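Please read this report with the sequence and the model side by side. The sections move from one helix and its surroundings to the whole chain, and then to the helix pairs and the cores.

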Amino acid sequence: MARNKYPEMTVQRILDASMKLFLEKGYENTTIQDIVDELGDLSKGAIYHHFKSKEDIIQAVGNKVHEGVDFRTMFDSADNMTGREKIKQIILYSVKNGDQRKLMKSAPTIMQNPKFLAMEVRESVTEFAPIIASYIEEGNKDGSLKVEYPTETAEVLMLLANIWINPLVFEADIERFERKLGCIEQVLNGTGLTIVDDDVREAILDMRKVLD
């Protein structure tokens with residue numbers, strides 16, 4: 001069999017077709033055969049050559065949604081922003097990301113998959129929390145924050161935001177969701193991480209309503 005000279009292009013086509021189908025039909029209702037049919041010129045074997053499963057495909061699609069965004073460097077030229085403002089902007093960017101919202105709605109039960117749940121917990125603590133912690137420390141230095149335990153507080157924030165308040169993990173009606181959000185605000189305020197204001201609260205509630 002001829003070797004694919006452009007594997008990156010093939011992967012991109014698979015991800016584009018998969019995202020289109022996930023948004024149109026929903027993740028659960030999309031099969032590998034649907035993706036094959038959408039592409040027209042690739043076999044199941046060709047898809048499995050690049051991705052072991054449909055779960056691997058949606059993980060890659062999710063990564064593609066954030067492609068080109070590096071929270072470690074996105075504020076390099078923002079010398080006038082405080083550490084608190086940078087954390088707030090990261091939160092607002094994350095919850096207002098239109099493609100991410102659509103993807104979440106297309107896969108309402110994906111986080112019930114133990115593989116995805118374990119991955120979310122691990123990434124929350126090992127990948128995203130250190131970024132938040134660095135901005136907390138920056139906020140401590142510039143006076144916009146006063147957090148005694150930056151690393152631990154960042155981990156608490158990420159676990160609460162990505163797991164406990166995530167409606168894909170724990171179902172909650174809007175009233176229950178609002179109570180959880182209020183609880184998170186109190187917990188964070190107690191640590192000195194005073195980032196949940198009207199803008200953040202409104203954006204998070206708007207994201208939650210999209211999933212109804």
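## Helix H2 and what follows

After helix H2 comes Gly 40, a residue whose phi is positive, near 90 degrees. The model is a predicted one, and every value in this report should be read with that in mind. Within H2, the buried residues are Ile 32, Asp 34, Ile 35, Val 36 and Leu 39.

Leu 39 has its place in H2, which covers residues 32-39. Because its relative accessibility is 11%, Leu 39 counts as buried. Setting aside neighbours within four places in sequence, Leu 39 is in contact with Arg 13, Ile 14, Ala 17 and Ile 47. Leu 39 and Leu 188 are 149 residues apart along the chain, and a distance of 47 Å separates their C-alpha atoms.

## The chain as a whole

The protein chain contains 10 helices and zero strands, so that its pattern, read along the sequence, is α-α-α-α-α-α-α-α-α-α. Measured out along its principal axes, the C-alpha trace spans about 60 × 40 × 25 Å. Of the 212 residues in the protein chain, buried residues make up 44%. Where contacts join residues at least 6 apart in sequence, 71% of them join residues at least 24 apart.

## Helices H5 and H7

Two packed helices are described by the angle between their axes and the distance between the axes. For H5 and H7, the angle is about 150 degrees and the axes are 7 Å apart. Because angles over 145 degrees count as roughly antiparallel, H5 is roughly antiparallel to H7. On the H5 side the contact is made by Gly 83, Arg 84, Lys 86, Ile 87 and Ile 90, and on the H7 side by Ile 132, Tyr 135, Ile 136, Glu 138, Gly 139 and Asp 142. Sorted by class, this contact of H5 with H7 has five nonpolar, two polar and four charged residues.

Is Lys 86, a residue with 7% relative accessibility, buried or exposed? Lys 86 lies in helix H5, and it counts as buried because its relative accessibility is 7%, which is under the 20% cut-off. Leaving out its neighbours within four places in sequence, Lys 86 is in contact with Phe 75, Ala 78, Met 81, Tyr 135 and Glu 138.

Another lysine, Lys 105, has its place in helix H6, residues 98-106. Lys 105 is partly exposed, with a relative accessible area of 47%. The C-alpha atoms of Lys 105 and Thr 153 are separated by 29 Å, and these two residues are 48 residues apart along the chain.

## Helices H8 and H9

Helix H8 covers residues 150-164 and helix H9 covers residues 174-191; the two pack at an angle of about 175 degrees, with their axes 11 Å apart. That angle makes H8 roughly antiparallel to H9. In H8, the residues that take part are Thr 153, Val 156, Leu 157, Leu 160 and Trp 164, and they meet Lys 180, Cys 183, Ile 184, Val 187, Leu 188 and Thr 191 in H9. By class, the contact of H8 with H9 has eight nonpolar, two polar and one charged residues.

The length of H8 can be checked against its residue count: at 1.5 Å a residue, its 15 residues should span 21 Å, and its end C-alpha atoms are 20 Å apart, which agrees. The residues of H8 that are buried are Pro 150, Thr 153, Ala 154, Leu 157, Met 158, Leu 160, Asn 162 and Ile 163. What covers these buried residues includes helix H7, residues 114-142, and H9.

## The nonpolar cores

Which residues have the most contacts inside the largest nonpolar core? This core has 33 residues, and those with the most contacts inside it are Ile 87, Ile 132, Ile 136, Leu 157, Leu 188, Leu 193 and Ile 195. The elements that give two or more residues to this core are helix H5 (83-96), H7, H8, H9 and helix H10 (198-210), and H7 gives the most, with six residues.

Leu 157, which is one of the residues of H8 that meet H9, touches Ile 132, Leu 188, Leu 193 and Ile 195, not counting residues up to four places away in sequence. Apart from the largest core lies another core, of 28 residues, among them Ile 14, Leu 21, Ile 47 and Met 104. Two of these names, Ile 14 and Ile 47, also appear among the contacts of Leu 39 in H2.

Technical notes. Residues numbered from 1 in each chain as written. Predicted model: local features only at pLDDT ≥ 70, side-chain atom pairs only at ≥ 80, totals over all residues. Heavy atoms only, no water. Axes fitted to C-alpha atoms, helices over the stretch in contact; angles between N-to-C directions. Helix = DSSP H or I, 4+ residues; strand = E, 2+ residues; numbered from the N terminus. Parallel < 35°, antiparallel > 145°, perpendicular 65-115°, else oblique. Contact = heavy atoms within 4.5 Å. Nonpolar A, V, L, I, M, F, W, Y, C, P; charged D, E, K, R; others polar. Expected span 1.5 Å × (residues − 1). Buried < 20%, exposed > 50% of the residue type's maximum accessible area, 1.4 Å probe, protein only. Core = buried A, V, L, I, M, F, W, Y, C linked by side-chain atoms within 4.5 Å.
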